[in-house]
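User: I am new to this structure and would like a close look at a single part of it, with enough of the surroundings to see where that part sits. Please take your time and explain the terms as you go.

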Amino acid sequence: MRVAIQVSEVRWATEDGVYVLDNVSFGLPHDGFVFVVGPPASGKTLLLRLILREEVPTGGQILVLGRNVARLSPRRCRELRKRMGYVPEPLRLLSDSTVTGNLSYKLRVLGYRGKEAEEHRARALELAGIASLAQERVGELGELERRKLGLALALCPEPAVLLCDDPFRELPPQDQDALVHILSAVNTSGMAVLATTRDPGLPARHGFGPKGPAPALRYVFSLRPGVVR
Amino acid sequence: MTGIPFALGHALVRSLRRPGALILWVGAVGLALFSGMALLLLPARGTPRDTAVEAFLVARLSPLPPEERIAQLGAEILSMVGVAQVAYRFPGETDPVPISGRSVVVRLSSPAARSEVERRLKLLAEVVGVEYAQRAAAGAQVPPASRIVAVGALVVALVLALTLGQRGAATAGRVWGEQLGLLRTVGWGEGLLRLPFLALGGAVGLLATGLFLAVVWALWMWGTAVPALVAFVPYFPRVWPTLLLLGGPVGVALGLVGAGLGALDLPDHS
């Protein structure tokens, strides 16, 4: 089983000695879908920031698409980020632009234009389920549509791994379920998906079980709140 | 990364949504440059620097050169290196010396230019004789405290340029907040995220330099109509090289430092 992200014995401590993450290990298969579940302040966002190399772990190792992110130069890191979609919390959207305008901005910043950009844009809108809203202004979108736009932005330009920082937060259950269905479809299209949530009931509703000793494509990894040593 | 120029251009265009802060910033940097120039021009002890002597060459013309040739001759002499001004004089005039025949009075940029200009004047067929003259410069009458006031103005202008720069950049940061946030999600680090601020500072510095040079040029062209400037305007050409060489880099540096101060703390929402 090929692994998209391998987190091995990762620790991260604050300057005060609080271990927010302590000996965290799990793997995200190349075609897998993993939920990271934990209460507030358990380190879910931090874990994503470590994978994105926005923070450096105190100990342990993180491999993304076979590369040790802690050892990458800033330039190599930016190149790797092109293959990693990220849905941040809160979302980063251009509120005075259209849905298409948001995607176009990101693609231009990454150096895509013309037909190639158009193809990436159309694919992302289709996968995120907002193709019909392409010309809508962000200010006119509902909350679920805003989350879908955040997802579409992360899907440009066709990453190998998708990281979602609690995109379900404060959504009604039916909208949460709709987002999980979209993420499942994204995963089925060949992309590894790692999503965080503070609600353990959400992955359970969709048949995700806890991480066991045997390798699995879809499972839940639980984080505990940090400990003081 | 090929998208950097696009992102910078996009940010600069968006910053025009708050033009007030930018206009004030450009004005402050221009004012700092202007105060610096005033220090270059103001006399240290009552007379402009290096202006104690005005040097002239009086070239007597052959009796009947045609009128078109006279006009050409003036332009030709003015183009010579070391010539600051050319004027025709008729018999009976006394500036700068009593004129006995139709002459061209050539004011030199400095006495050192005499030999070369004199040699070239003597090569002209219409010139039948060249005479050198010099006189003490009138000197600019400025209050003794002028330099102190100029230094004070420079300090105030520098503080203003940096303060308004910091505020202008912070305002731009608020306008760019969403873009910066999106750029962060695609992997732009802290250094790259400050590039739009530095680009804005550089652009402001260039605009301020352009504004400053335009004002100085306008003063050079029309400043003689202002009594307080009459004594200084003739000496502008002496500071042109300094202004052109230093104005741009100093203006851009002021813009960059102000922008750098404003970008020390990137907006939280980015």
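Analyst: What follows looks closely at one helix of chain A, and then at its wider setting.

This is a predicted model, in which local features need pLDDT of at least 70 and side-chain atom pairs count only at pLDDT 80 or more, while totals for chains, interfaces and linings use all residues. Residues are numbered from 1 along each chain as its sequence is written, and chains are lettered from A and ligands numbered from 1 in the order in which they are written.

The part chosen is helix H3 of chain A, residues 99–109. Helices here are DSSP runs of H or I with at least four residues, strands are runs of E with at least two, and both are numbered from the N terminus. How many of the eleven residues of H3(A) are buried? Eight of the eleven are, and the helix is mostly covered. A residue is called buried if 20 or more other C-beta atoms lie within 10 Å of its own, exposed if 12 or fewer do, and partly exposed in between, with the C-beta atoms placed from the backbone.

The buried residues of H3(A) are Val99(A), Asn102(A), Leu103(A), Ser104(A), Tyr105(A), Lys106(A), Leu107(A) and Val109(A). Their cover includes two helices of chain A, H4 (114–128) and H5 (143–154), and it also includes H1 and H6 of chain B. Just after H3(A) comes Gly111(A), which takes a positive phi of about 95°.

Since chain B takes part in that cover, the meeting of the two chains deserves a look. In total, 14 residues of chain B are in contact with 16 residues of chain A, where contact means that the C-beta atoms of two residues, placed from the backbone, lie within 7 Å. On the side of chain B that touches chain A, the elements that give two or more residues are helix H1 (4–15) and helix H6 (177–185) of chain B, and H6(B) gives the most, with six residues. By class, this side of chain B has six nonpolar, seven polar and one charged residues; Ala, Val, Leu, Ile, Met, Phe, Trp, Tyr, Cys and Pro count as nonpolar, Asp, Glu, Lys and Arg as charged, and the others, Gly among them, as polar.

Within chain A, the domain assignment gives domain 1 (1–83 + 161–229) and domain 2 (95–158), with bounds that come from an automatic or database domain assignment. The C-alpha centres of these two domains of chain A lie 24 Å apart, and eleven residues of domain 1 are in contact with 13 residues of domain 2. Helix H6 of chain A (residues 173–188) supplies six residues, the largest share of the side of domain 1 that touches domain 2, and by class that side has eight nonpolar, one polar and two charged residues.

For chain A as a whole, there are seven helices and ten strands, and buried residues make up 41% of its 229 residues. Its C-alpha atoms fill a box of roughly 50 × 40 × 35 Å along the principal axes. Among contacts in chain A between residues at least 6 apart in sequence, 69% join residues at least 24 apart.
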